[in-house]
Amino acid sequence: MRLVTFAPSLRDPARVGVLLPDGGVLDLGEEARLRGRALPFDAGDLVSLIASGEAGLGAVRELAAAPRSKGSALAGVRLLAPIPRPRKNVFCVGWNYLEHFQEGEKWRQAKTDLPDHPVFFSKATSAVNGPYDPIPWDPKVTTQVDWEVELGVVIGRPGKNIPEERGLEHVFGYTVVNDVSARDIQKGHGGQWHKGKSLDGYCPMGPWIATADEVDPSDLRVITRVNGVVKQDSSTRYMYFKIPRLLAELSLGLTLEPGDVLSTGTPPGVGFARTPPEWLKQGDVMETEIVGLGLLRNVVGG
């Protein structure tokens, strides 16, 4: 299933929906109302659905199997990030593709050994942005804005000290993330990784969450285009640390909860590593795609 958070218009509150085979969006709350039944989750909060476990997914399957309402055309609604405001910061992984690690040596200006453990950081919840919403642009804040396509992992079952061999059991689904980065802030001002990654709107996500039963995350093609020009083109098979290892290490002493998002790192081709470096400009169009999973389209300052 592909689950979305959407609004019929700018003034309407967020609603949770499921994509139908014809491409329409079924409003789960409205469908439940038409059937006179209660849902085991809040129909305006996708994290609530995730936390409801199999009871919630079972209810969604039943409603989507033979809907009474027509549903809305996907083009006629505003898709928000599937989790518009996560309950915790978005967890992120640095240097998780070997070639990206190597291309970063020039930027780090020092040779660094490959890490024995994943390098984690986070993005503020206020950085989360919609799949088709503009990226804020203010040259007084940053002029070195970079792109990073990443596979997002959404936690379903809570867990702490998760064994690596059971890591995938805790995954609810997958989404597309663009870890937009202000490199001048990230590198300058004493090395402000968190601030450089956390500017408002610097984490487009979506356009939906595909449930884990529909996705094999081991070999997904990941692509970034800027103004139609391919900048990144790789596969998740080149991840240095695979998803089970990431979840095992992240959960050591740290409880992962339903709705938590882990962005799993980016492949080579980012702007800072190019010669000369390339930075996004106002009006640029970023398309961040994981083939078979979804595509984000965000205009810088649009």
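The legends below describe close-up views of a predicted model.

Residues are numbered from 1 along each chain as its sequence is written. Because the model is predicted, local features need pLDDT of at least 70 and side-chain atom pairs count only at pLDDT 80 or more, while totals for chains, interfaces and linings use all residues; side-chain values use heavy atoms, with hydrogens and water left out.

**View 1. Helix H1 and its buried side.**
Helix H1 spans residues 28–35; helices (H or I, at least four residues) and strands (E, at least two) are DSSP runs, numbered from the N terminus. Leu 28, Glu 31 and Ala 32 of H1 are buried, where buried means under 20% relative accessible area, exposed over 50%, and partly exposed in between (1.4 Å probe, protein chains only). These buried residues lie on the same side of H1, because they cover an arc of only 100° around the axis; the arc is that of the directions from the helix axis to the C-beta atoms. An α-helix has 3.6 residues a turn, so residues three or four places apart point the same way. The cover over the buried residues of H1 includes strand E2 (15–19), strand E3 (25–27), helix H2 (46–51) and helix H3 (53–65), judged by contact, meaning heavy atoms within 4.5 Å.

**View 2. The ends of H1 and a salt bridge within it.**
At the N-terminal end of H1, Asp 27 acts as a cap, with a side-chain oxygen 3.1 Å from the backbone nitrogen of Gly 29. This is a polar contact (a pair of N or O atoms within 3.5 Å; within protein, one must be able to donate a hydrogen and the other to accept it, and residues adjacent in sequence count only if both atoms are side-chain atoms). After H1 comes Gly 36, which has a positive phi near 65°. Within H1, Arg 35 and Glu 31 form a salt bridge, with their closest N and O atoms 3.0 Å apart; a salt bridge is a side-chain nitrogen of Lys or Arg within 4 Å of a carboxyl oxygen of Asp or Glu. The two residues are 4 residues apart, about one turn of the helix. Arg 35 is partly exposed at 21% relative accessible area, whereas Glu 31 is buried at 0%.

**View 3. Salt bridges around Arg 183.**
The structure holds 25 salt bridges. In one of them, Asp 146 pairs with Arg 183, the closest N and O atoms being 2.8 Å apart. Asp 146 lies in strand E8 (residues 145–146) and Arg 183 in helix H6 (residues 183–187), so this pair ties together parts that are 37 residues apart in sequence. Asp 146 is buried at 0% relative accessibility, and Arg 183 is buried at 2%. Arg 183 also meets Glu 148 in a salt bridge of 2.6 Å, N to O. Glu 148 lies in the loop between E8 and strand E9 (149–155), so its pairing with Arg 183 ties together parts that are 35 residues apart in sequence. Salt bridges that share partners join Lys 123, Asp 146, Glu 148, Asp 179, Arg 183 and Lys 197 into one network.

**View 4. Asn 298 in strand E17.**
Asn 298 belongs to strand E17 (residues 294–299) and counts as buried, at 0% relative accessibility. Its side chain reaches the backbone oxygen of Gly 130 at 3.1 Å. Beyond its neighbours within four places in sequence, Asn 298 has contacts that include Pro 131, Tyr 132, Pro 204 and Met 286.

**View 5. Strand E12 around Met 205.**
Met 205 lies in strand E12 (residues 203–211) and is buried, with a relative accessible area of 1%. Not counting residues up to four places away in sequence, Met 205 touches several residues, among them Ala 81, Val 128, Val 176 and Leu 296. Strand E12 also contains Pro 207, which is joined to Gly 206 by a cis peptide bond with omega about -5°.

**View 6. Two loop residues with positive phi.**
Trp 95 is not a glycine, yet has a positive phi of about 55°. Trp 95 is found in the loop between strand E5 (90–94) and H4, and is partly exposed at 22% relative accessible area. Asn 227 likewise has a positive phi of about 55° without being a glycine. Asn 227 sits in the loop between strand E13 (221–226) and strand E14 (229–235), and counts as partly exposed at 45% relative accessibility.
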